[in-house]
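Here are a few exercises to work through with the structure open in your viewer. Try each task before reading its solution.

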Amino acid sequence: MTNKYSESLDSKFKETTNLGLEVVKEASEDRLMKLSVGPQHPGSGHFRFTIKVDGDYIVYCDPDPGYVHRGEEKMCEYRNYIQNIPHLERPVIHDSTNITYSYSLAVEELLGIEVPRRGQFIRAIASELNRQVYTLYWLAIYGIFLGHSTMFMWPTGDRELFIDLLAALTGARVTHAFNIPGGVRNDIPEGFKEKCLEYIKYFEKRLKEYEDIFYNNPLFRQRTENVGILPKQDAIDLGVTGSVLRASGIPHDVRKVEPYDVYNEIDFKVQYMKTCDSFARAYVPFLDMRESCNITRQLLEKMPESGEVRVKLQSNPKGRIGEAYKRVESGRGALSYYIVSDGSSKPYRVKISVGSFRNILALPHLLVGSRLGDMPSIYWALNYWPVEADR
Amino acid sequence: MLMIKDLINPANFNLLVSQVSDVLVGALDQPLGYAINWGRIWSLWPVHLETACCSVEFGATSSPRYDCERFGIIEAFGSLRQCDLIVVQGTVTRKMAPRLRMVYDQMADPKYVIAMGACSITGGLYIDSYNVLPGIDGIIPVDVYVPGCPPRPETLIQGCMLLQEKIKRSKIK
Amino acid sequence: MTDINNDINQTTSNLNIVEPDLKIEHSLYSQLSSEFKDKVRLVYTKPNRIKISVEPEHIIEVAFFLKNQLGLDHAESVGGTDYPDENVIEVIYHLNSYSREELAPIILALSTKTDRNSSYLPSLLPVFKSVEYHERETYEMLGVYFQGHPRNERFLLPEDWADIPPLKKEFRIKGR
Ligand code: SF4
């Protein structure tokens, strides 16, 4: 990785680690200052990383997650397939429909059941609405990280509309526990479709205003454009996912490449950008929100008028011996569950692979060589939610 | 009790300040106590310390719909040395616990603690996890418990108002 | 673990699902088997999923082949499973491709096994950069030491963790 900083340094101070990062050697250690960012810091959340700075440049970064490691994977082994749902959605409570989506898909494969068509549509609608809720919260925090308070207030306000819709659908504000193996918990209420279309229409109007006040704001552009470049090849090597990957010019979206449930009937474009910088990483989720409105509209249109929304399971269902690996596209990228079953009613092993945990690998890569002031815009553009990464 | 003569020594300056302030607080408590507490309750500054998923609802509490600022709870963006309220937003893991105590110790007196969410009260959903503390009252003293998983923003606002009530009735420190 | 194939075939036949076309999956395996003969063992193929198992001493060359010849360029997840009855820990790399479009839906699970009491495996970090944190997590959750990984150390657990790795089966959580 070359940048202005490493060019300015003498080569005797530099060395390349086996990860391909160029770091400053011990010899110049006295020039460096070590800073600890987080876990109590307005710009880090429940996460800590140590950085070393040389003047204004970051020369070393070591992430230290785990402040919210609650042992979800171990807890799964002690609860049966249905009891696992409430605690599995806690890692991202503002995206809880998506995180239980792939769990349900995997368990359905193990139990050998198929979801009724109407149930599949309702699932997809709930997951699209929840994606908006997540992305709006993320955008609000990104706004306040960069000192743009309007961008905190607007998305958190508009987010409540989608929360209202989801509350009408599921009965809870954020923790829905809506997707269950076999379908969804209940049917949509009366008048939901009209209300949903109305809100989406309003929201699309608001998105234009967001673009004007935030994305076209010269200050925001200066702080994010050409900052934290993640070239295409690096993005592939580091295995990042979601908006970070799409911002590096790879149109990879699980909804498109491996459509689950009804997504193969929906006509939508995968949004991606080729500039590879923080601006692209901040703009791709915004484009996704717009596309998501479009998807929701199509889903509402194509949904069968009546029918079952779930299959009845016997209580305490037993999975067949084997394993399942399922993934969905969440707000933060591919979210996959690997479940091993030994034939009993509890999973033998559950491995959750989340977008946040994969994206954080890019953080040292991007921070080393950039300026300290760019840290907030690089860090939060990675679409990182610490609670989910720690599980 | 030190003698007045010792206190005037410059080496003991901080002692002198504390003694004088004790006397002053004693004298002010009766006539001005109410006024000082009144000033405190309308400017509670929370620390920006997120511990788990309840922080999403804490964020929603400062959103335009709930707007807890109208009750004197300001959005959490200050430095912790200027803060007097710490809202523990959910699960405290064994890794976070020493940091939580460290943050609490660094805050200036008087300081108040709100335990938000089932996790910070008893461990909640994660009571049998290997890495979660069963409640935070073992590490820091709690003033108000706000139950829920996560508590709705209204619940948190009510918890804050209970805290204000509590401050109003206590002696000034 | 070997009878997964039969098991799945039985149940799918009850459900009357049309037999899926597993062309890509089989072609992946045939390329592998023509290169490595019996070093690579097929565990199962199902739609978009293929699982192979190799011995630890061959895993690096197989991984290099998968990356360079077949284009599976990153790992989505790395996880381990503890089997106390067979006295092994199975470590699985779920590989996927961003650079080859036709492989994007495919997940290839590369699995290997190590002894439970002295768990050592070669690290795949020289092949896939993306496994760095995943392997570190597997080390602390299951105690599998990855030879060649620069940092087999604490990651998610607290610094003063003094118990056995928590995902081992003999680790019991409170009150269970
Ligand atoms: S109380 Fe519920 S929402 Fe709050 S931190 Fe605990 S699990 Fe999360």
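Start with the interface of chain C and chain B: 13 residues of chain C are in contact with nine residues of chain B. Keep in mind that this is a predicted model.

**Exercise 1. Describe the interface of chain C and chain B: how much area is buried, and which charged pair can you name?**

Step 1: get the area. About 940 Å² is buried between chain C and chain B, and carbon and sulfur atoms give 48% of that.

Step 2: count the specific interactions. The rule turns up two salt bridges across this interface. One to look at is B:Arg99 with C:Glu159, at 2.9 Å from N to O. There are also two residue pairs in polar contact, with both residues at pLDDT 80 or more.

Step 3: sort the residues. The side of chain C that touches chain B has nine nonpolar, no polar and four charged residues.

**Exercise 2. Now do the same for the two domains of chain A: what do they bury between them, and which strand gives the most to the domain 1 side?**

Step 1: set the bounds. The domain assignment puts domain 1 at 6–64 and domain 2 at 72–390 of chain A. Their centres, taken over C-alpha atoms, are 32 Å apart.

Step 2: size up the interface. In chain A, 19 residues of domain 1 are in contact with 19 residues of domain 2. The two domains of chain A bury about 1,600 Å² between them, with 72% of it on carbon and sulfur atoms. On the domain 1 side, A:His46, A:Asp56 and A:Ile58 lose the most area, together 32% of what that side buries.

Step 3: look for charged and polar pairs. The count between these domains is one salt bridge. A:Arg371 and A:Asp56 form a salt bridge, with their closest N and O atoms 2.8 Å apart. Five residue pairs are in polar contact across the interface of the two domains, both residues at pLDDT 80 or more.

Step 4: map the secondary structure. Strand 3 (33–37), strand 4 (48–54) and strand 5 (57–64) of chain A each supply at least two residues of the domain 1 side. Strand 5 of chain A gives the most, with six residues. By type, the domain 1 side divides into 14 nonpolar, three polar and two charged residues.

**Exercise 3. Take three salt bridges, A:Arg391 with C:Glu137, B:Arg169 with B:Glu165 and C:Glu170 with C:Arg116: what does each pair join, and where are the partners placed?**

Step 1: for context, the rule gives 52 salt bridges over all chains.

Step 2: take A:Arg391 and C:Glu137, whose closest N and O atoms are 3.3 Å apart. A:Arg391 lies in the segment after helix 16 (386–390) of chain A and C:Glu137 in helix 4 (residues 132–142) of chain C, so this pair joins two chains. Both A:Arg391 and C:Glu137 are buried.

Step 3: next, B:Arg169 and B:Glu165 come to 3.2 Å between their closest N and O atoms. They sit four residues apart in helix 6 of chain B, so about one helical turn separates them. B:Arg169 counts as exposed at 68% relative accessibility, while B:Glu165 counts as partly exposed at 34%.

Step 4: finally, C:Glu170 and C:Arg116 have their closest N and O atoms 2.4 Å apart. C:Glu170 lies in the segment after strand 7 (145–147) and C:Arg116 in the loop between strand 5 (107–115) and strand 6 (120–122) of chain C, so the pair ties together parts that are 54 residues apart in sequence. C:Glu170 is partly exposed at 46%, whereas C:Arg116 is buried at 9%.

**Exercise 4. Is A:Asp288 buried or exposed, and which residues does it touch?**

Step 1: place it. A:Asp288 lies in helix 12 (residues 278–302) of chain A.

Step 2: check accessibility. The relative accessible area of A:Asp288 is 12%, so it falls under the 20% cut-off and is buried.

Step 3: list the neighbours. Leaving out residues up to four places away in sequence, A:Asp288 touches A:Arg246 and A:Gln271. A polar contact of 2.5 Å joins the side chains of A:Asp288 and A:Arg246.

**Exercise 5. Which peptide bond is cis between B:Cys149 and its partner, and where is the proline?**

Step 1: the bond joins B:Cys149 and B:Pro150, with omega about -10°.

Step 2: B:Pro150 lies in the loop between strand 3 (144–146) and helix 6 (153–169) of chain B.

Definitions and conventions
Residues numbered from 1 in each chain as written. Chains lettered and ligands numbered in written order. Predicted model: local features only at pLDDT ≥ 70, side-chain atom pairs only at ≥ 80, totals over all residues. Heavy atoms only, no water. Domains from an automatic or database assignment. Contact = heavy atoms within 4.5 Å. Buried area = accessible area lost by both parts, 1.4 Å probe. Salt bridge = Lys/Arg side-chain N within 4 Å of Asp/Glu carboxyl O. Polar contact = N/O pair within 3.5 Å; in protein donor to acceptor, adjacent residues only side chain to side chain. Nonpolar A, V, L, I, M, F, W, Y, C, P; charged D, E, K, R; others polar. Buried < 20%, exposed > 50% of the residue type's maximum accessible area, 1.4 Å probe, protein only.
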